[in-house]
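Grab your viewer and work through a few geometry exercises. Each one gives a task, then a solution in steps.

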Protein chains: 2
Amino acid sequence: MGFVTLKDVAKVAGVSYATVSRALSGSPEIGENTRKRVIRICEEMGYTPNAVARSMVMKRTNILGLIVTSLNNPFMSEMTAHIEIYARQCGYNLMVCNSSYDRELEKEVFSLLVSRKVDGVIMIPVGNESYDALKTLTAQVPTVFIGENMQDLPENYVSVDNAAGMQHATEYLYGLGHRKILYLGARENSMTHKLRVGGYLTACERLGIAPHVLNNTSPRSSFEVGYALADAYFAGTHDETAVLCAADTLAIGVIKAAYERGVRIPEDISLMGFDNLSFSALPPIDLTTVNQPKQALAAAAVDMLLNRIKNPDAPYTKTILSPSVVERSSCRRTDA
Amino acid sequence: MGFVTLKDVAKVAGVSYATVSRALSGSPEIGENTRKRVIRICEEMGYTPNAVARSMVMKRTNILGLIVTSLNNPFMSEMTAHIEIYARQCGYNLMVCNSSYDRELEKEVFSLLVSRKVDGVIMIPVGNESYDALKTLTAQVPTVFIGENMQDLPENYVSVDNAAGMQHATEYLYGLGHRKILYLGARENSMTHKLRVGGYLTACERLGIAPHVLNNTSPRSSFEVGYALADAYFAGTHDETAVLCAADTLAIGVIKAAYERGVRIPEDISLMGFDNLSFSALPPIDLTTVNQPKQALAAAAVDMLLNRIKNPDAPYTKTILSPSVVERSSCRRTDA
DNA sequence: GAATTGTCTGAAAACGTTTGCACTGCATTT
DNA sequence: AAATGCAGTGCAAACGTTTTCAGACAATTC
């Protein structure tokens with residue numbers, strides 16, 4: 001399809017194409033009458049500026065890259081939605097890539113984005129060690145990470161305060177009278193999850209109650225894992241009055257196991273999650289959980305990235321946001 | 001950040017930059033020894049081709065635009081995931097935009113994508129009338145629509161066969177012994193929904209059972225609407241043994257209303273949805289529903305778009321995929 | 001009326017590629 | 001031995017912008 005270019009407009013308007021450019025860019029060094037005339041002709045001819053050509057000379061694309069592990073995950077897709085909307089308000093478009101939990105693919109799409117000359121990259125990495133593998137890549141374009149994975153590495157990232165969140169959750173259950181609280185789904189292979197279980201343990205110590213942790217040795221926090229752990233747990237003798245899950249997804253599995261075992265939630269046992277995924281609010285689930293402020297995280301990530309683009313040599317920064325308990329119907333006061 | 005360009009490589013290698021370009025593009029008109037040497041030097045210098053410059057001269061970006069109403073919607077985010085993955089396999093990156101159910105925004109982001117010279121656009125439009133408003137835009141870049149909204153308009157689209165899907169659903173319930181089936185959530189303001197309720201009515205007539213339709217006058221199929229309709233329905237006298245919802249989201253609301261009214265699913269009444277959203281498979285919901293083959297829809301949309309890019313003047317085409325019933329636990333055989 | 005200022009416009013370079021065309025040198029053909 | 005062909009390489013144009021620099025012209029100042 002043949003497009004109208006600056007030159008075409010210039011020819012019709014009888015001016016140089018530099019003048020057309022200036023008329024459209026709102027440059028002050030142009031006569032008001034010529035500007036109006038040129039703009040009118042642009043509209044008449046249906047001129048659309050070519051962003052590619054502009055990027056070429058401006059040496060910036062106004063495009064941000066986003067790499068997520070999977071858009072099928074509700075946390076990721078909600079984050080993506082917020083990032084896209086906020087970035088666009090800041091004048092940037094978003095190029096989205098799935099890494100599909102594959103480290104090789106993650107590197108590959110990063111390279112693609114570099115090649116496309118995106119101005120910056122926001123990334124939810126596959127795992128903790130990502131940084132090492134991506135060292136050479138992040139050197140090529142400003143990057144910010146989402147999630148606490150990078151915590152002990154000198155990189156930019158935004159995250160929720162996972163330890164504090166789980167501490168609040170524990171305290172919340174304690175406040176409802178619970179003294180025996182099971183922590184379900186601790187993982188050693190994720191910084192995020194280490195911090196979460198740490199928050200639980202801290203709270204237990206502070207409150208003077210005995211911790212009880214059920215570990216998840218798989219690399220993900222799926223509801224299958226939650227089901228398996230809870231099923232085994234309910235099968236044995238148990239005297240906890242509340243189950244605190246390391247993630248909402250796990251809690252879904254717990255609900256199923258509880259139902260099958262005839263354990264009622266919240267009558268027999270209280271259940272709490274972490275993340276506040278969209279489905280947790282659905283009436284049949286209605287899970288009390290800890291909210292990750294997704295919109296705020298998204299905005300913080302974009303802001304941080306934009307700052308970094310402006311000032312690439314600034315020292316690394318991090319932004320930690322506070323999560324908060326959202327009360328729903330899966331927890332109940334206890335006297336036990 | 002200063003990057004290595006073709007010229008830099010050429011200087012070091014002692015060849016013209018045309019030669020470097022040819023070495024990398026796999027052109028046959030170049031000596032094997034020079035090619036190897038040049039490629040080695042490229043790697044040593046960490047050369048990354050500049051996709052923007054390439055787009056400039058090639059007059060194509062290898063970028064596809066995707067406009068969805070909201071990435072927060074699980075149907076959209078799943079579709080987006082599949083489209084991104086498949087498009088990348090075809091050598092295209094994806095630029096994603098939310099229209100946020102706003103027709104003005106929809107036009108705006110479409111223009112943005114045109115300006116960015118994406119090679120094509122896939123769009124899940126805000127509403128039926130989109131086509132008229134976007135006529136001038138779709139003329140500027142190959143576009144395919146997802147969803148049956150455009151059905152009576154000459155455009156490219158892929159969709160699931162909504163009428164057949166709902167017909168199957170009705171027949172499925174009939175097969176379980178249901179003779180009184182409520183259709184909940186019919187909408188007049190959406191082609192998709194007109195077709196769905198049409199499928200239900202067709203099936204009723206064919207099976208010789210009396211239809212009973214509850215209309216939804218709001219512009220969306222939210223679970224609040226499902227709740228309100230079901231709550232009113234359960235409050236009155238009702239003798240249906242099954243509720244067939246126009247969308248999974250509506251069914252969520254029905255579950256809540258049923259629970260509150262002491263109506264058990266599926267013991268007292270069977271419940272069926274349409275769409276097979278990801279949350280419908282969650283154990284606490286486990287909704288029998290009609291599956292939209294999202295991966296196939298995504299692939300069909302990308303294929304169609306790529307064909308159109310190759311052959312912009314071909315006549316409009318449509319692809320209609322068959323939905324299928326997915327059996328879960330919200331429906332049960334009845335003798336009533 | 002000449003010099004000076006200031007406002008507006010045009011010419012042209014630059015951005016980093018791809019590719020058509022011309023050229024070189026060597027091997028093959030006649 | 002000359003002519004032809006061909007593989008390999010370089011030159012330069014082109015893609016559509018932005019922006020620097022210089023120039024033109026009018027308005028102001030002396």
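## Exercise 1: a helix pair in chain A

In this predicted model, helix α10 (residues 223-235) of chain A packs against helix α11 (residues 248-261) of chain A, with axes 7 Å apart and an angle of about 40° between them. Work out how to class the orientation of α10(A) and α11(A), then find the handedness of their crossing and the make-up of their contact by class.

Solution.

1. Start with the angle: 35 degrees is the limit under which a pair counts as roughly parallel, and 65 to 115 counts as roughly perpendicular. About 40° for α10(A) and α11(A) fits neither range, so the two helices are oblique to each other.
2. Next, the handedness: α10(A) and α11(A) make a right-handed crossing.
3. Now list who touches whom. From α10(A) the contact takes in Phe223(A), Val225(A), Gly226(A), Tyr227(A), Ala230(A), Asp231(A), Phe234(A) and Ala235(A). The α11(A) side includes Thr249(A), Leu250(A), Ile252(A), Lys256(A), Glu260(A) and Arg261(A).
4. Sort by class, and the α10(A)–α11(A) contact comes out as eleven nonpolar, three polar and four charged residues.

## Exercise 2: a helix pair in chain B

Do the same for helix α1 (residues 6-13) and helix α3 (residues 32-45) of chain B, whose axes cross at roughly 120° and come within 10 Å.

Solution.

1. Roughly 120° lies outside the 65 to 115 window for perpendicular and isn't over 145, so α1(B) and α3(B) are oblique.
2. Their crossing is right-handed.
3. On the α1(B) side, the contact uses Asp8(B), Val9(B), Val12(B) and Ala13(B); α3(B) brings Arg37(B), Ile41(B), Cys42(B) and Met45(B).
4. That splits into six nonpolar, no polar and two charged residues.

## Exercise 3: relating the chains

What turn and shift lay chain B on chain A, and which C-alpha of chain B is nearest the axis?

Solution.

1. Superpose: a turn of 180° with a shift of 0.0 Å along the axis lays chain B on chain A, at an RMSD of 0.1 Å.
2. So you're looking at the relation of a two-fold axis.
3. The C-alpha of Met95(B) is the one in chain B nearest that axis, 2.2 Å away.
4. Both copies use the same surface, as 100% of chain B's contact residues recur in chain A.

## Exercise 4: domains

How far apart are the centres of domain 1 and domain 3 of chain A?

Solution.

1. Take the assigned bounds: domain 1 (6-49), domain 2 (59-160 + 294-322) and domain 3 (162-292) in chain A.
2. Over C-alpha atoms, the centres of domain 1 and domain 3 of chain A are separated by 63 Å.

Conventions. Residues are numbered from 1 along each chain as its sequence is written. Chains are lettered from A and ligands numbered from 1 in the order in which they are written. This is a predicted model: local features need pLDDT of at least 70, side-chain atom pairs count only at pLDDT 80 or more; totals for chains, interfaces and linings use all residues. Side-chain values use heavy atoms; hydrogens and water are left out. Copies are superposed by least squares on the C-alpha atoms of residues with pLDDT of at least 70 in both. Contact means heavy atoms within 4.5 Å. Axes are lines fitted to C-alpha atoms, for helices over the stretch in contact, and angles run from 0 to 180 degrees between N-to-C directions. Helices (H or I, at least four residues) and strands (E, at least two) are DSSP runs, numbered from the N terminus. A crossing is left-handed if the near helix is turned anticlockwise from the far one by less than a right angle, and right-handed if clockwise. Ala, Val, Leu, Ile, Met, Phe, Trp, Tyr, Cys and Pro count as nonpolar, Asp, Glu, Lys and Arg as charged, and the others, Gly among them, as polar. Domain bounds come from an automatic or database domain assignment.
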